[in-house]
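I am opening a page for this protein, and I want to write down, entry by entry, what I looked up.

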Amino acid sequence: MSDLLGATNNEIGAVITATAQGAGTQTSGDLFNPWGQGIRVVVDITAKTGTIDVTCNIYAKDRASGKYILRLASASLTATGTTEYIVHPDLTAAANSIAKNFLGEVWKVELVHGAGSTPATTATVGACLLP
């Protein structure tokens, strides 16, 4: 488990980097949340070839069972651009972009590159804890 935060720093930085990624799934691995209620995750797709179908999933981990619980699943991203996703208990939910929920102590981000027509994606996923 990674403890990527100092006591005064809420920026986590890049948790996933994809370069010419074809179909498949990339996962950040378990990340530790020492104090935040929520998270802001930014997916930045800077290049693509073929037809792409990318989704971003944010999970909390249940310590008792070790299982991951989906907090937010994005809509399909099919073009280059920057997209923001938020999980936070104080915000109003909005389909596929804002989830009204707590992040949890252990969490992860998953970037799913779906099967398109010869897909290849260059992207980064960054994150920032929210109080």
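How much accessible surface does the protein have, and what share of that surface belongs to carbon and sulfur atoms? I looked this up first, keeping in mind that the model is predicted, and I found an accessible surface of about 6300 Å², with 52% of that area belonging to carbon and sulfur atoms.

Next I turned to the secondary structure, where I counted 10 strands and zero helices, so that my reading along the sequence gave the pattern β-β-β-β-β-β-β-β-β-β. The radius of gyration is 14 Å, close to the 14 Å that the globule rule gives for 131 residues, and therefore I noted the protein as being as compact as a globular protein of that length. For the extent along the principal axes, I wrote down that the C-alpha trace spans about 40 × 30 × 30 Å.

I then asked how the chain packs, and I noted that 41% of the 131 residues count as buried. Among contacts with a separation of 6 or more, I found that 74% come from residues 24 or more positions apart.

For the charges, I looked up 8 positive and 10 negative ones, and their mean positions are 5 Å apart.

My last entry concerns a single residue, Asn96, which I located in the loop between strand 7 (81-87) and strand 8 (98-99). Its phi is near 65°, and I marked this as a positive value in a residue other than glycine. Asn96 has a relative accessible area of 40%, and I therefore recorded this residue as partly exposed, since that class lies between the buried limit of under 20% and the exposed limit of over 50%.

Conventions
Residues are numbered from 1 along each chain as its sequence is written. This is a predicted model: local features need pLDDT of at least 70, side-chain atom pairs count only at pLDDT 80 or more; totals for chains, interfaces and linings use all residues. Side-chain values use heavy atoms; hydrogens and water are left out. Helices (H or I, at least four residues) and strands (E, at least two) are DSSP runs, numbered from the N terminus. Buried means under 20% relative accessible area, exposed over 50%, partly exposed in between (1.4 Å probe, protein chains only). The radius of gyration is taken over C-alpha atoms; the globule rule is 2.2 Å times the number of residues to the power 0.38. Contact means heavy atoms within 4.5 Å. Accessible areas come from the Shrake-Rupley method with a 1.4 Å probe; for residues, only the protein chains shown count as cover. Lys and Arg count as positive and Asp and Glu as negative; His and the chain ends are not counted. The place of a charge is taken as NZ of Lys, CZ of Arg, CG of Asp or CD of Glu.
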